[in-house]
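Dear colleague,

I am passing on the structure we spoke about, together with some notes on what was found in it. Please look through the model first and then read on.

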Amino acid sequence: MRYLLVHILFFIALPLLASPQVLDLQSSGYHNIGRKLSYLEDKPAKMSLQEIKAMDNAGKFRRSKNEILDLGTSTSAFWIKFNYKNIPERNSFLVIDVPNIEDIDLYTTLPGGKTEHLHGGSLYPSSEDVISGKNFVFSLPDPDTGSVVQTVYMRVKSNNMMLLALKIGTAETLLKGFNSKTRFELFYIGVLLTLMLFNLFLYFGLKDKMYLYYALYVAGIFGYMILYIRGYSYVFGNSTRIFLNLYPHLFASLACISVIYFSKEFLSAKSRLKGYLWIFNALIIGWLVILAIGLFGGKLMISRSVNVLFLSTGLLLWLVGFKAFLNGHRPAIYFLLAWSFICIALVYLFLARLELLPYHDWSFEVGPMGFTFELLFLAFGLADHYNTLRRDKIAAQKENMELIISEQARLEVVVKQRTERYLEAVRTLEASNAVKDKLFSIIAHDLRSPFNSLKSIFFLTDMDLLELNELKMLLNSSKENIDQIYHTLDNLLYWAKSQMESVSSDPVSFDLKEMAEGLMLVYGPLAKSKRLELVLQTDSACPVFADENQVQLVLRNLMDNAIKFTPIGQQVTLVLSNGEDGVYVTVDNVTAGVSELQLENLLRENNHLSTRGTAKESGVGLGLLLAREYISANKGVLKVRVEGHHVIFYFSLPALVEK
């Protein structure tokens with residue numbers, strides 16, 4: 001009997017427990033009424049108000065257990081019922097604090113039993129009794145007295161997930177709630193806009209694609225989280241709000257594709273994460289599919305899977321960021337911190353959708369705040385990247401400056417070298433010009449005069465008028481001119497050869513003593529005509545290794561000069577002696593007098609001065625020049641000194657064949 005009484009009492013109390021509580025607006029503030037209402041699912045979404053009231057009388061409505069009602073993502077319509085008691089002479093309002101429910105129908109009973117029907121939703125503009133903004137505000141009818149309890153039935157249907165945050169109150173309580181919440185939302189709206197514009201300016205300044213991807217990511221997040229999820233699209237007019245509610249996932253796809261490309265650049269994936277590039281490509285393909293379905297109006301289909309894809313994107317990007325950090329990519333620490341915030345937010349929302357965690361008013365701010373903190377840490381990473389670029393630029397500028405200075409120094413050296421070569425070329429041209437003048441002087445004077453003497457002999461008008469003695473005298477006097485012409489031509493040929501090609505020697509072994517003895521025989525008659533004594537002082541043998549023709553030309557020129565400048569009755573001495581380094585050659589003669597200036601010019605390079613001998617002998621001034629060059633070609637140096645009235649030319653020649 002006792003158990004029977006308990007069951008009877010339970011069944012009597014069950015309708016009372018299932019029935020919603022009455023909301024007293026005098027004691028209610030701006031908070032959710034989820035636990036004070038009941039709801040019913042209309043799967044075919046075709047039931048009328050009368051049918052719903054009948055279902056309510058039959059006890060088919062379910063009591064809500066949560067502060068915020070989560071009706072999931074479904075094609076069904078849902079009916080919600082609550083009771084309230086208004087404050088006399090005060091306007092009361094119902095606030096649906098979500099902006100993206102497509103169809104909302106509100107049914108209330110007016111005094112006299114008439115039913116009032118208000119219609120609103122994200123695809124409809126505002127009306128006199130329904131304000132559509134970042135939430136929906138329905139005006140509730142006012143009873144004549146505060147003792148009347150009003151019953152409200154509301155029908156909602158959406159192609160998106162249906163999270164219903166319902167609030168009821170007067171204008172004063174709603175205004176307080178709106179102000180506190182709006183200030184908080186405006187904070188991260190300002191942060192997002194600042195980050196987007198700042199990085200756009202950086203992109204146009206630096207032309208770095210990473211900043212463009214970041215700005216596009218912020219723009220996508222702003223469009224999806226702020227304009228769509230938080231409902232601020234109403235600021236741009238009804239047409240913008242309706243478009244965003246028809247195609248909201250275009251912004252989600254834009255944001256995620258942009259951040260994937262950003263992550264590839266930021267983590268240097270092509271060089272550091274080659275084995276993980278397939279993750280980036282797979283995520284891009286997934287979001288492109290979402291984009292395509294969204295463009296063709298598959299909003300309901302996307303809504304069931306987009307949260308999973310959001311979570312997968314966050315977790316996978318965090319994992320590849322962790323791998324990049326392990327590979328030594330230091331800026332990846334900012335990337336890890338950024339995606340840690342967004343992953344925590346996404347995991348919380350995912351668990352709340354599975355009803356493993358409860359929804360609260362602040363739950364709607366978890367997503368925007370998670371993205372805001374993520375974007376801030378990514379901005380820190382970009383700032384580090386910018387500092388790296390700046391340091392690299394400064395280093396590059398410093399390196400370029402050093403290269404410029406180095407190149408300038410090198411160019412100065414090159415200019416100096418080229419200037420020296422130019423001056424050398426000028427000196428060479430001047431010398432060549434002097435040689436040319438000398439050559440013409442030789443041809444015009446030193447060769448032409450002897451030839452004119454010979455010509456005058458052969459062009460006598462009547463050779464028969466000359467006696468034999470006179471003819472012999474003329475020919476003997478011309479013999480000196482012929483010898484002079486021969487010697488001059490010989491020197492000219494050797495000199496011309498030395499000017500056209502570098503002086504080189506063809507050394508052979510020979511006895512210098514034999515060459516000297518032969519020259520004594522050759523120059524004997526000439527010395528006798530000037531009453532000079534030729535003396536040869538030599539060792540038994542003087543073997544040398546040199547160019548025989550060049551050495552002979554040198555000795556001939558030195559002997560010619562000695563005979564030419566030695567006064568009558570004096571002596572010319574040729575000395576040959578063997579030494580440790582080779583054979584030493586000395587030509588010593590007495591001269592009428594040599595000044596210091598003349599001695600200084602005797603062996604000067606490119607000196608072509610010609611001086612008359614003691615018997616007025618002429619010369620071309622090439623003898624000593626050739627002698628100096630040929631002695632140098634045979635590894636010797638021609639030198640001169642004066643001892644009293646003696647002028648002494650001396651040099652050495654190698655004695656043995658060099659190995």
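The notes below take up the cavities, then a sheet, a short stretch of helix and a set of paired strands.

Please keep in mind throughout that this is a predicted model, and that the values given here were computed from it.

Cavities

The structure holds three cavities of 30 Å³ or more, and the largest of them has a volume of about 470 Å³. Its lining is made up of 26 residues, of which Met161, Met225, Ile229, Asn307 and Leu349 are the closest to the centre of the cavity. At least two lining residues come from each of helix 4 (209-229), helix 10 (306-326), helix 11 (332-353) and helix 12 (363-458), and helix 12 gives the most, with five residues. If you are wondering about the chemical character of this lining, it divides into 17 nonpolar, seven polar and two charged residues.

The second largest cavity has a volume of about 50 Å³, and the residues that line it are Tyr217, Cys256, Phe310, Thr313, Gly314, Trp339, Ile342, Leu346 and Phe371. Here the elements that give two or more residues to the lining are helix 10 and helix 11. By type, the lining of the second largest cavity consists of seven nonpolar and two polar residues, with no charged ones.

A four-stranded sheet

Four strands form an open sheet in the order 9-10-6-13, and their pairing is antiparallel. Strand 9 (130-132) and strand 13 (166-170) stand at the edges with a single partner strand each, so that one side of each is left without a neighbour in the sheet. On average, and with direction ignored, neighbouring strands of this sheet are turned by 20 degrees against each other. Strand 9 runs antiparallel to strand 10 (residues 136-140) and is joined to it by three bridges; to give you a position to look for, isoleucine 131 has valine 137 in strand 10 as its bridge partner.

Helix 2

Which residues of helix 2 (residues 49-57) are buried? They are Leu49, Ile52 and Asp56, and because these residues cover an arc of only 60 degrees around the axis, they lie on the same side of helix 2. The face turned away from this buried side carries Gln50 and Asn57, which are exposed.

Strand 18 and its partners

Strand 18 (residues 583-590) has six of its eight residues buried and is therefore largely enclosed by the rest of the structure. Strand 18 pairs in the antiparallel sense with strand 17 (residues 571-578) over seven bridges, and within this pairing valine 572 has asparagine 589 of strand 18 as its bridge partner. The hairpin of strand 17 and strand 18 has four residues between the strands, and in this hairpin glycine 582 takes a positive phi near 150 degrees. Strand 18 also pairs with strand 20 (residues 646-653), again in the antiparallel sense, over eight bridges, and there valine 590 stands opposite histidine 646 in strand 20.

When you open the model, one place to begin would be the lining of the largest cavity, with Met161 and Asn307 among the residues closest to its centre; from there you could turn to strand 18, where six of the eight residues are buried.

With best wishes

How values were computed:
Residues are numbered from 1 along each chain as its sequence is written. This is a predicted model: local features need pLDDT of at least 70, side-chain atom pairs count only at pLDDT 80 or more; totals for chains, interfaces and linings use all residues. Side-chain values use heavy atoms; hydrogens and water are left out. On a 1 Å grid over the protein atoms alone, a cavity is a set of points where a 1.4 Å probe fits but cannot get out, and a pocket is an open set with protein on both sides within 12 Å along at least five of seven lines; lining residues have an atom within 4 Å of a point. Grid points are joined across faces, edges and corners, and a volume is the space filled by probe spheres set on the points. Ala, Val, Leu, Ile, Met, Phe, Trp, Tyr, Cys and Pro count as nonpolar, Asp, Glu, Lys and Arg as charged, and the others, Gly among them, as polar. Two strands pair if DSSP finds at least two bridges between them. Axes are lines fitted to C-alpha atoms, for helices over the stretch in contact, and angles run from 0 to 180 degrees between N-to-C directions. Buried means under 20% relative accessible area, exposed over 50%, partly exposed in between (1.4 Å probe, protein chains only). The arc is that of the directions from the helix axis to the C-beta atoms.
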